[in-house]
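Let's take a walk through a protein model and look at how some of its side chains sit together. Keep the 3D view open while you read.

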Amino acid sequence: MTEKTETTPAWLAPEELESVRGRMPILYIDAVPVRVDDTGVVTRVGLLLRMLPDGTVSRALVSGRVLHHERIRDALLRHLEKDLGPVALPRIPVSPQPFTVAEYFPTPGVTPYHDPRQHAVSLAYIVPVAGDCRPRQDALDLVWFTPEEAASPMVQEEMAGGQGVLLRQALAHVGRLP
């Protein structure tokens, strides 16, 4: 897969992005990277450790914008490669279907999801990865949790913007919510 950077014409300049964010929803993907056993049962959930703009550290899902004229599967692959490394070996289904749609609002409390920068609509996926994952870009670390650990109050409290709710929905979707 060819890596795309912010010099790709489909990216908006920072001032253009800021203007658009204030006027219309932006399409995103959220991906929950998982390890599965031979029968397809989720055994581990990968969560990134990120530094937030306010200086706090948070657990996070793989997440990012979908570019203009970019297929959803390509956006998933691009963001998984960007955050987990080029040999994570994500297994995107032939026909990717989100397990839910999350609407992030700049106003807290409209939904469980909050992004102070914008109104974002995110298609959320559970993606098995089979390769060696090494955090890249702005991710500080990647930790693999059991489903029980990922659903624990301690881990949930470390997640910002409602991503803990999204993680619990993913675990429920695959029958692994304790």
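What follows is a short tour of charged pairs, rings, one helix and one loop residue. Keep in mind that this is a predicted model.

**Charged pairs**

Let's start with charges. Side chains of opposite charge can pair when their charged atoms come close. How many salt bridges does the count come to? The count comes to 10 salt bridges. Here are three of them, each with its N to O distance.

| Salt bridge | N to O distance |
|---|---|
| R50 and D138 | 2.3 Å |
| D83 and K82 | 3.0 Å |
| E148 and R176 | 3.0 Å |

Take R50 and D138. This pair links distant parts of the chain, with the two residues 88 residues apart. R50 belongs to strand β2 (residues 42–51), while D138 lies in the loop between β6 (120–128) and β7 (139–145). Is R50 buried or exposed? R50 has 10% relative accessibility, so R50 counts as buried, given that the cut-off for buried is under 20%. Its partner D138 is partly exposed, with a relative accessible area of 46%.

Next come D83 and K82. D83 has 0% relative accessibility and counts as buried, whereas K82 is partly exposed, with a relative accessible area of 23%.

The pair of E148 and R176 also links distant parts of the chain, with their positions 28 residues apart. You'll find E148 in helix α3 (residues 147–150) and R176 in the segment after α5 (163–173). Both ends count as partly exposed: E148 is at 41% relative accessibility, and R176 is at 21%.

Which residues do salt bridges with shared partners join into one network? They are R50, K82, D83 and D138.

**Rings**

Now for the aromatics. A pair of aromatic rings is described by the distance of the centres and the angle of the planes. Searching the whole structure turns up 1 aromatic pair. The rings belong to Y104 and Y113, with their centres 5.3 Å apart and their planes at 50°, so the pair is tilted. A pair counts as tilted when the angle is neither under 30 degrees nor over 60. Both tyrosines are buried: Y104 has a relative accessible area of 8%, and Y113 has one of 5%.

Another ring has a charge for company. The charged end of R35 sits over the ring of W144, 4.5 Å from the ring's centre.

**Helix α1**

Turn the view to helix α1 (residues 14–21), where L17, V20 and R21 are buried. Why are they on the same side of α1? They cover an arc of only 100° around the axis, and that puts them on the same side. It helps to know that an α-helix has 3.6 residues a turn, so residues three or four places apart point the same way. The face turned away from that buried side carries the exposed residues E15 and E18. And what covers the buried residues of α1? The cover includes β1 (26–36) and β4 (62–65).

**A loop residue**

One last stop is S152, in the loop between α3 and α4 (153–157). S152 counts as buried, at 18% relative accessibility. What does the side chain of S152 reach? That side chain reaches the backbone oxygen of E149, at 2.7 Å.

Notes. Residues numbered from 1 in each chain as written. Predicted model: local features only at pLDDT ≥ 70, side-chain atom pairs only at ≥ 80, totals over all residues. Heavy atoms only, no water. Phe/Tyr/Trp six-rings, centres within 6.5 Å; stacked < 30°, edge-to-face > 60°. Buried < 20%, exposed > 50% of the residue type's maximum accessible area, 1.4 Å probe, protein only. Lys NZ or Arg CZ within 6 Å of the ring centre and 35° of its normal. Salt bridge = Lys/Arg side-chain N within 4 Å of Asp/Glu carboxyl O. Helix = DSSP H or I, 4+ residues; strand = E, 2+ residues; numbered from the N terminus. Arc of directions from axis to C-beta. Contact = heavy atoms within 4.5 Å. Polar contact = N/O pair within 3.5 Å; in protein donor to acceptor, adjacent residues only side chain to side chain.
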